Amino acid sequence: ETLRLKPHYIPTYIVLGLSYARQNKLDEAIAYLTQAERMNPNLADVQESLGILYEQLGDRDAAWQHFKKALELDPQNATAHKHLGNMRADDGNLDAAIKHYTESLKSQPGDASVHYNLGLIYVDRAEPDLAIAAFCQAADVDPADSDARRWLRKLQSREEGDEQHAS
């Protein structure tokens, strides 16, 4: 009804798009958010949401473009940085992933998943002190994060083993 009365009212398209996204009706969500984007391409949240939806559909190129556009509009967009960090980590570009994750944490320091992902990168890079610090942060932010605690136990037991071999 609101679309019929106010066909150029962008918030209606955004609300409908996000509502369809919550219902996992991704094509419908993209259609409404794309209409909002056509009406105003300078809304970082719309770009971010489109990036997430395209990522869920497996269209990495479209997701990448929307996340980059979200960052052009809002360089502190934590969600866009997080998703670009995930994509870079998946591609094996760990330096770029670390950069995006670090930027994400500047705006959202309480995102346990970003701390955890940094920990995994540092494990891959054989940097146990940094990995332990990241997993500690993840566990502090989310005490129920059993994966972070498991990694902490594993890394700390390795360090204790290293100390015993050194003495």
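Here are a few exercises on this predicted model, each with a worked solution.

Some ground rules before we start. This is a predicted model, where local features need pLDDT of at least 70, side-chain atom pairs count only at pLDDT 80 or more, and totals for chains, interfaces and linings use all residues. Residues are numbered from 1 along each chain as its sequence is written, and side-chain values use heavy atoms, with hydrogens and water left out.

**Exercise 1: overall fold**

Work out which secondary structure elements the protein has, and set its radius of gyration against the globule rule.

Step 1. Take helices (H or I, at least four residues) and strands (E, at least two) as DSSP runs, numbered from the N terminus. The protein then has 10 helices and zero strands, so the string from the N terminus reads α-α-α-α-α-α-α-α-α-α.

Step 2. Take the radius of gyration over C-alpha atoms, with the globule rule at 2.2 Å times the number of residues to the power 0.38. A compact globule of 167 residues would come out near 15 Å, but this protein has 20 Å.

Step 3. Look at the box along the principal axes: the C-alpha atoms fill roughly 80 × 30 × 25 Å.

**Exercise 2: the aromatic pairs**

Find how many aromatic pairs there are, and work out how Y20 and Y32 are arranged.

Step 1. Rings of Phe, Tyr and Trp (its six-membered ring) pair if their centres lie within 6.5 Å; planes under 30 degrees apart count as stacked, over 60 as edge-to-face and the rest as tilted. That rule gives four aromatic pairs.

Step 2. For Y20 and Y32, the ring centres are 5.6 Å apart and the planes sit at 10°, so this pair is stacked.

Step 3. Place the two rings: Y20 is in helix 2 (residues 10-22) and Y32 in helix 3 (residues 26-39), so the pair ties together parts that are 12 residues apart in sequence.

Step 4. Check exposure, where buried means under 20% relative accessible area, exposed over 50%, and partly exposed in between (1.4 Å probe, protein chains only). Y20 is partly exposed at 24%, and Y32 is partly exposed at 23%.

Step 5. Do the same for F135 and W151: they are stacked, with 5.7 Å centre to centre and 5° between the planes. F135 belongs to helix 9 (residues 128-141) and W151 to helix 10 (residues 146-166), so this pair ties together parts 16 residues apart in sequence. F135 counts as buried, at 0% relative accessibility.

Step 6. Finish with the cluster: Y13, Y20 and Y32 form one.

**Exercise 3: two leucines**

Decide whether L84 and L105 are buried or exposed, and list what each one is in contact with.

Step 1. Locate them: L84 lies in helix 6 (residues 78-91), and L105 lies in helix 7 (residues 94-107).

Step 2. Read off the accessible areas. L84 is buried at 0%, and L105 is buried too, at 13%.

Step 3. Collect contacts (heavy atoms within 4.5 Å), leaving aside neighbours within four places in sequence. L84 is in contact with W64, F67, K68, L71 and H100. L105 is in contact with D111, V114, H115 and L118.

Step 4. Check two C-alpha to C-alpha distances. L84 and W64 are 20 residues apart in sequence and 7.0 Å apart in space, while L105 and K68 are 37 residues apart in sequence and 17 Å apart in space.
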